[in-house]
Amino acid sequence: MKAETTTSVEDLLNELVGRAAGEVGLILFSLGIEDEFTDDQLSLELGIEINEIRKALFALYEIGMAEYVRKRDDETGWMEYYWRINYDKAVEVLKRELEKTVKKLREKIEAETSTIYYICPNMCVKVSYNDAMELNFECPRCGAMLDYLDCSRAVEKIEEEVRKIEEILRTLG
């Protein structure tokens with residue numbers, strides 16, 4: 001593998017967290033908080049809107065990087081969420097997400113290799129051979145003649161991406 005394609009686990013985790021939970025999620029994850037905390041505490045301490053904190057925490061929860069316990073506040077009677085970020089599960093979550101990505105890429109390869117596509121030269125549409133036949137090989141939007149689309153380069157790039165991810169998965173164990 002080339003040096004420029006090697007990425008640290010920390011970089012991969014940051015990319016995953018950033019994609020899933022955005023900039024606020026990345027900030028929360030990078031704080032390294034080991035204890036339970038409330039969204040309200042973080043909002044006050046960081047000066048970030050509570051709704052942004054909640055949105056990021058729930059996004060982290062969705063991918064398994066955070067968990068929460070609901071407790072009733074004795075004084076107000078309101079339910080409070082006590083959060084914990086699962087740093088110990090981070091690599092496991094990363095592996096699972098990378099495996100999902102590989103599965104989706106393999107499905108994309110299957111779709112690209114099992115169907116013949118035609119494309120409008122003006123990039124209006126990409127259609128299967130059967131759909132192109134029904135359209136008399138004419139773009140339904142602009143009227144241009146549809147061209148055969150050679151997907152082999154796209155498939156090669158997807159296969160290369162699959163190889164890179166599989167290599168990362170091997171290094172993660």
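This is a tutorial dialogue on reading helices, their packing and some backbone angles in a predicted model.

User: I would like to begin with helix length; how far apart are the end C-alpha atoms of H4, and what should its 25 residues span?

Analyst: At 1.5 Å a residue, the 25 residues of H4 should span 36 Å, and the end C-alpha atoms are indeed 36 Å apart, so the two values agree. Helix H1, residues 9-30, reads otherwise: for its 22 residues a straight helix would reach 32 Å, yet its end C-alpha atoms are only 14 Å apart.

User: Where does H1 bend, and by how many degrees?

Analyst: The bend is at alanine 21 and amounts to about 130 degrees. Just after H1, glycine 32 adopts a positive phi of about 70 degrees.

User: How should I read the pattern of buried residues along a helix, and which residues of H1 are buried?

Analyst: The general idea is that an α-helix has 3.6 residues a turn, so residues three or four places apart point the same way. In H1 the buried residues are Leu12, Leu13, Leu16, Val17, Ala21, Val24, Gly25, Leu28 and Phe29, and they pack against helices H2 (39-46), H3 (50-62), H4 (90-114) and H6 (152-172) as well as strand E3 (79-85).

User: Which residues of H4 are buried, and what covers the buried residues of H4?

Analyst: The buried residues of H4 are Ala90, Val93, Leu94, Glu97, Leu98, Val102, Leu105, Ile109 and Glu112, a list that includes two glutamates. Their cover includes H1 and H6, together with strands E4 (117-119) and E5 (126-128).

User: When two helices pack, what describes the arrangement, and at what angle do H1 and H4 pack?

Analyst: Two packed helices are described by the angle between their axes and by the distance between those axes. For H1 and H4 the angle is about 100 degrees and the axes are 10 Å apart, which makes H1 roughly perpendicular to H4. In this contact Val9, Leu12, Leu13, Leu16 and Phe29 of H1 meet Ala90, Val91, Val93, Leu94 and Glu97 of H4.

User: How do the axes of H1 and H3 cross, and is the crossing left-handed or right-handed?

Analyst: The axes of H1 and H3 come within 8 Å and cross at roughly 130 degrees, and the two helices are therefore oblique to each other. The crossing is left-handed. From H1, the residues Val17, Ala20, Ala21, Val24, Gly25 and Leu28 meet Glu52, Ile53, Ala56, Leu57, Ala59 and Leu60 of H3; alanine 21, where H1 bends, is thus among the residues in this contact.

User: At what angle do H2 and H3 pack, and which residues meet?

Analyst: H2 and H3 pack at about 125 degrees with their axes 9 Å apart, and they are therefore oblique to each other, in a crossing that is right-handed. Asp39, Asp40, Leu42, Ser43 and Leu46 in H2 meet Ile50, Ile53, Arg54 and Leu57 in H3.

User: Finally, what phi does methionine 123 have, and what phi does phenylalanine 137 have?

Analyst: As background, most residues other than glycine have a negative phi. Methionine 123, although not a glycine, has a positive phi of about 65 degrees; its place is in the loop between E4 and E5, and at 63% relative accessibility it counts as exposed. Phenylalanine 137, also not a glycine, has a positive phi of about 55 degrees. Phenylalanine 137 is found in the loop between helix H5 (129-134) and strand E6 (147-149), and with a relative accessible area of 21% it is partly exposed, the cut-off for buried being under 20%.

Terms used: Residues numbered from 1 in each chain as written. Predicted model: local features only at pLDDT ≥ 70, side-chain atom pairs only at ≥ 80, totals over all residues. Heavy atoms only, no water. Helix = DSSP H or I, 4+ residues; strand = E, 2+ residues; numbered from the N terminus. Expected span 1.5 Å × (residues − 1). Bend = angle between axes of the 7 residues up to and from the residue. Buried < 20%, exposed > 50% of the residue type's maximum accessible area, 1.4 Å probe, protein only. Contact = heavy atoms within 4.5 Å. Axes fitted to C-alpha atoms, helices over the stretch in contact; angles between N-to-C directions. Parallel < 35°, antiparallel > 145°, perpendicular 65-115°, else oblique. Left-handed = near helix turned anticlockwise from the far one by under 90°.
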